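Here are my notes on the chain you asked me to look over, set out as numbered points. Please read them with the sequence and the coordinates open beside you.

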Amino acid sequence: GLGRVAALEQPDSWGGLIDLPEAADDQAGDLLASVLSGVSGEDQVALRGGQVLGRRLVPAPVGKEPGEGWSPRGTVLVTGGTGALGAHVARWLVARGAEHLLLTNRRGLEADGAAELQAELTALGVRVTVAACDVADRDALAEVLASVPAEYPLSGVVHAAGVERSAVLADLDPVDLGGFADVLTAKVEG
């Protein structure tokens, strides 16, 4: 993700992004040399299993709604569940038949709009639990997961938790990079 941001913000300085295998061998070295020579014509590749792999998106079938054919049942955990994206996802899940939503954020019902969202969704007939949990804290997350009611087993997870820090990469200083770690912790460790 950071490489893509660098490519977008500094296109004249962009050279590419290569995801190397954990254990390098002669074959990986040969592939790397091939990529660096420009033979592949790709600027973002992964070297895996003796192959140079490029990133590709596949279009969704025409006329099919996202999530069509899936009906959420039991408990669906939404991390960052009371933020803007999480609340949107929660409403979407309720419209598709979710029985119990477990919405996490760092402050629980004390978070801005959390109590109102819980009341709104509950009025639509779904059971809603709002839990204070930093999903990067494994023990706290384990405790939240242990609270999932047996009659509504966990059937899905939407990871919408995040910490927003807007800055252009070229403007970051060492102090800002420390804040960048907070952003990655919420997304990656969570």
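**Notes on the predicted model**

1. I begin with a pair of helices, in which Ala87, Ala90, Arg91 and Val94 of H3 meet Leu117, Glu120 and Leu121 of H4. Sorted by class, this contact of H3 with H4 brings together 5 nonpolar residues and 2 charged ones, with no polar residue taking part. Please keep in mind throughout that the model is predicted.

2. The geometry of that pair can be stated briefly. The axes of helix H3 (residues 84–95) and helix H4 (residues 114–123) come within 11 Å, and they cross at roughly 10°. Because angles under 35 degrees count as roughly parallel, H3 is described as roughly parallel to H4.

3. Stepping back to the whole chain, the secondary structure comes to 6 helices and 7 strands. Read from the N terminus, the elements follow the order α-β-α-β-β-β-α-β-α-β-α-β-α. Of the 190 residues in the chain, 29% count as buried. Among contacts in the chain with a separation of 6 or more, 65% are made by residues 24 or more positions apart.

4. One of the sheets is open and has 4 strands in the order S6-S5-S4-S7, with parallel pairing. Strand S6 (127–132) and strand S7 (154–159) stand at its edges, and each has a single partner strand, so one side of each is left without a neighbour in the sheet. On average, neighbouring strands here are turned by 20° against each other, direction ignored. H4, the helix discussed above, lies across S5 and S6, and its direction is at about 160° to that of S6.

5. Within this sheet, S4 and strand S5 (residues 100–105) run parallel and are joined by 5 bridges. Two positions help to fix the register by eye: valine 76 stands opposite leucine 101 of S5, and valine 78 stands opposite leucine 103 of that strand.

6. Strand S5 deserves a closer look, since it is mostly covered, with 6 of its 6 residues buried. His100, Leu102 and Thr104 point one way from the strand, while Leu101, Leu103 and Asn105 point the other way, and all of them are buried.

7. Which residue does the side chain of threonine 82 meet in a polar contact? The partner is asparagine 105, reached side chain to side chain at 2.7 Å. Threonine 82 itself is found in the loop between strand S4 (75–79) and H3. With a relative accessible area of 12%, threonine 82 is buried, because buried means under 20% relative accessible area. Leaving aside neighbours within four places in sequence, the residues in contact with threonine 82 include Ala87, Leu103, Ala111, Asp112, Leu117 and Val130. Among these contacts, Ala87 also belongs to the H3 side of the helix pair and Leu117 to the H4 side.

8. The partner residue, asparagine 105, lies in strand S5 and counts as buried at 10% relative accessibility. Besides its contact with threonine 82, the side chain of asparagine 105 reaches the backbone nitrogen of arginine 107 at 2.6 Å. Not counting residues up to four places away in sequence, asparagine 105 touches Thr82, Ala111, Ala114, Val130, Ala131, Ala132 and Cys133. Both threonine 82 and asparagine 105 are thus listed in contact with Ala111, Ala114 and Val130.

9. A further open sheet has 3 strands in the order S1-S2-S3, and its pairing is mixed. Strand S1 (17–19) and strand S3 (51–54) stand at the edges with a single partner strand each, so one side of each is left without a neighbour in the sheet. From one strand to the next, the twist averages 25°.

10. In this sheet, strand S2 (residues 44–48) pairs with S3 in the antiparallel sense over 4 bridges, and arginine 48 stands opposite glutamine 51 in S3. Helix H2 (residues 26–36) packs on the sheet and touches S1, S2 and S3, with a direction that makes about 165° with that of S2.

Conventions:
Residues are numbered from 1 along each chain as its sequence is written. This is a predicted model: local features need pLDDT of at least 70, side-chain atom pairs count only at pLDDT 80 or more; totals for chains, interfaces and linings use all residues. Side-chain values use heavy atoms; hydrogens and water are left out. Axes are lines fitted to C-alpha atoms, for helices over the stretch in contact, and angles run from 0 to 180 degrees between N-to-C directions. Angles under 35 degrees count as roughly parallel, over 145 as roughly antiparallel, 65 to 115 as roughly perpendicular and the rest as oblique. Contact means heavy atoms within 4.5 Å. Ala, Val, Leu, Ile, Met, Phe, Trp, Tyr, Cys and Pro count as nonpolar, Asp, Glu, Lys and Arg as charged, and the others, Gly among them, as polar. Buried means under 20% relative accessible area, exposed over 50%, partly exposed in between (1.4 Å probe, protein chains only). A polar contact is a pair of N or O atoms within 3.5 Å; within protein, one must be able to donate a hydrogen and the other to accept it, and residues adjacent in sequence count only if both atoms are side-chain atoms. Two strands pair if DSSP finds at least two bridges between them.
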